Amino acid sequence: MYAATATARTAAGPAPYATSGVLPAVCTGEVACAWNLPHRPESAGTARRIARTLLDAWGTDVDTADVVLLVVSELVTNAVEHALPP
């Protein structure tokens, strides 16, 4: 499993994972949230959905969000392709 971590900058609102279907392993309000993703290709899509939810909550502009989503997708895809499963 791979951990994805994000730090929230907004006031407490709907949980950022509510629409992703993935419950966080650790989530403490505004401090940080982490998700353990399985070692399989579908995890890249899950990571993008989680990141999109956070970026929308933060009010990130479209160009920045596109770059972040590309980076998230590449990082998770590379981890699945090149890392050994747990």
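**Figure 1. Overall fold of the protein.** From the N terminus on, the elements run β-β-β-α-α. The model shown is predicted. In total there are three strands and two helices. The protein has 86 residues, and 30% of them count as buried. Its accessible surface comes to about 5,400 Å². Carbon and sulfur atoms hold 62% of that surface. Among contacts with a separation of 6 or more, 59% join residues 24 or more positions apart.

**Figure 2. Helix H1, from end to end.** H1 covers residues 42–58, which makes 17 residues. At 1.5 Å a residue, the helix should span 24 Å. The C-alpha atoms at its ends are 25 Å apart, so the model agrees with the expected span. Gly59 follows H1. The phi of Gly59 is positive, near 75 degrees.

**Figure 3. Buried residues of H1.** Which residues of H1 are buried? Early in the numbering come Ser43, Ala44, Gly45, Thr46 and Ala47. The list continues with Ile50, Ala51, Thr53, Leu54 and Leu55. Arg52 is not among them: this residue is partly exposed, because its relative accessible area is 31% and buried means under 20%.

**Figure 4. The salt bridge between Arg40 and Glu42.** The count for the protein comes to three salt bridges. One of them joins the side chains of Arg40 and Glu42, at 3.7 Å from N to O. Is each partner buried or exposed? Arg40 has a relative accessible area of 46%, so it counts as partly exposed. Glu42 reaches 51% relative accessibility and therefore counts as exposed. The cut-off for exposed is over 50%.

**Figure 5. A salt-bridge network around Arg52.** Arg52, Asp56 and Asp66 are linked in a network of salt bridges. The side chains of Arg52 and Asp56 meet at 3.5 Å, N to O. Both residues lie in helix H1. They are four residues apart, about one turn of the helix. Arg52 also meets Asp66 in a salt bridge, at 4.0 Å from N to O. This pair links distant parts of the chain, with Arg52 in helix H1 and Asp66 in helix H2. The two residues are 14 residues apart. Asp66 counts as partly exposed, because its relative accessibility is 42%. Arg52 is partly exposed too, with a relative accessible area of 31%.

**Figure 6. A nonpolar patch on the surface.** Which residues form the patch? Val67, Val71 and Leu75 do. Together they have about 280 Å² of accessible area. Val67 sits in helix H2, which covers residues 62–82. Why does Val67 count as exposed? Its relative accessible area is 51%, and exposed means over 50%.

**Figure 7. Ser73 and its contacts.** Ser73 is found in helix H2. Is Ser73 buried or exposed? Ser73 is buried, because its relative accessible area is 13% and the limit for buried is under 20%. What does Ser73 touch, leaving aside its neighbours within four places in sequence? Ser73 is in contact with Ala44 and Arg48. Ala44 is itself one of the buried residues of H1.

Note on methods. Residues numbered from 1 in each chain as written. Predicted model: local features only at pLDDT ≥ 70, side-chain atom pairs only at ≥ 80, totals over all residues. Heavy atoms only, no water. Expected span 1.5 Å × (residues − 1). Buried < 20%, exposed > 50% of the residue type's maximum accessible area, 1.4 Å probe, protein only. Patch = residues over 30% accessible without salt bridge, like charges linked within 9 Å, V, L, I, M, F, W, Y side chains within 5 Å. Areas by Shrake-Rupley, 256 points an atom, 1.4 Å probe, with all protein chains shown as cover. Contact = heavy atoms within 4.5 Å.
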